[in-house]
Amino acid sequence: MVLTESMEDYLEMIYRISRQRGYVRQVELAQALNVQPSSVTRMIQKLDEAGMVIYEKYRHISLTQRGRSIGRFLVWRDHMLKQFLQLIRTPAAIEEQVEGIEHYITPVTMCLIRDLVVFFRSNPKYFMALERQRRSPSYPEGEKFEELRAWLFRHADAP
Ligand code: MN
């Protein structure tokens, strides 16, 4: 079963919160994702059907083994994309940009990005060469494209 963006965001958050003690409460999830408790209920049912969470009504939510594997990957993906954007010295809005990228990148491409980050971290000489050939980060002649923020349209409360 393919997971929607929203399902991925929930799984990532469930993994983050439940990592320490093994479970999460619905109300905590609603607060953390800034959504209505009714949305959480619906989404947990979907994640249950997808075999990602274990959930009984009015009980705590916990991850299945598969849910935990995917949750761990989603947290890693978020972390690695931030590392990547920092490496290439994106001037701002890293979290927004990760939000725009994360659901559309394949796991294989993520691993290639990891290799790139690791390579430049462990080879400062090449990193310096990259730094030397940098141009101004503005596109061309300082034009800005404030209209291009489509990622703002999506998010957690979507059905
Ligand atoms: Mn997301």
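1. Interface between the domains. In this predicted model, about 350 Å² of area is buried between domain 1 and domain 2, and carbon and sulfur atoms contribute 28% of that area. On the side of domain 1, E5, E8 and D9 lose the most area to domain 2, and together they account for 86% of what that side buries. The size of an interface is often stated in this way, as the accessible area lost when the parts come together.

2. Domain layout and contacts. The assignment places residues 5-69 in domain 1 and residues 80-137 in domain 2. Their C-alpha centres are 30 Å apart. The contact set consists of four residues of domain 1 and four residues of domain 2.

3. Manganese site. The manganese ion is coordinated by D9 through OD, by E99 and E102 through OE, and by H103 through NE2, at 2.0 to 2.2 Å. Along the chain, these donors follow the spacing D-x89-E-x2-E-H. D9 thus appears in two roles: it is a donor to the manganese ion, and it is among the residues of domain 1 that lose the most area to domain 2.

4. Burial of the glutamate donors. E99 has a relative accessible area of 19% and counts as buried because the cut-off is under 20%. E102 is also buried, with a relative accessible area of 2%. For a check of the site geometry, the ideal angles are 109.5 degrees for four tetrahedral donors and 90 or 180 degrees for six octahedral ones.

5. Largest pocket. The volume of the largest pocket is about 660 Å³. It is lined by 19 residues, of which T90, P91, A92, Q97 and P137 are the closest to its centre. By class, the lining comprises nine nonpolar, six charged and four polar residues.

Methods. Residues are numbered from 1 along each chain as its sequence is written. This is a predicted model: local features need pLDDT of at least 70, side-chain atom pairs count only at pLDDT 80 or more; totals for chains, interfaces and linings use all residues. Side-chain values use heavy atoms; hydrogens and water are left out. On a 1 Å grid over the protein atoms alone, a cavity is a set of points where a 1.4 Å probe fits but cannot get out, and a pocket is an open set with protein on both sides within 12 Å along at least five of seven lines; lining residues have an atom within 4 Å of a point. Grid points are joined across faces, edges and corners, and a volume is the space filled by probe spheres set on the points. Ala, Val, Leu, Ile, Met, Phe, Trp, Tyr, Cys and Pro count as nonpolar, Asp, Glu, Lys and Arg as charged, and the others, Gly among them, as polar. Donors are N, O and S atoms within 2.8 Å of the metal (3.2 Å for Na, K and Ca); water is not among the atoms, so sites may look incomplete. Buried means under 20% relative accessible area, exposed over 50%, partly exposed in between (1.4 Å probe, protein chains only). Domain bounds come from an automatic or database domain assignment. Contact means heavy atoms within 4.5 Å. Buried area is the accessible area (1.4 Å probe) that two parts lose on being put together, summed over both.
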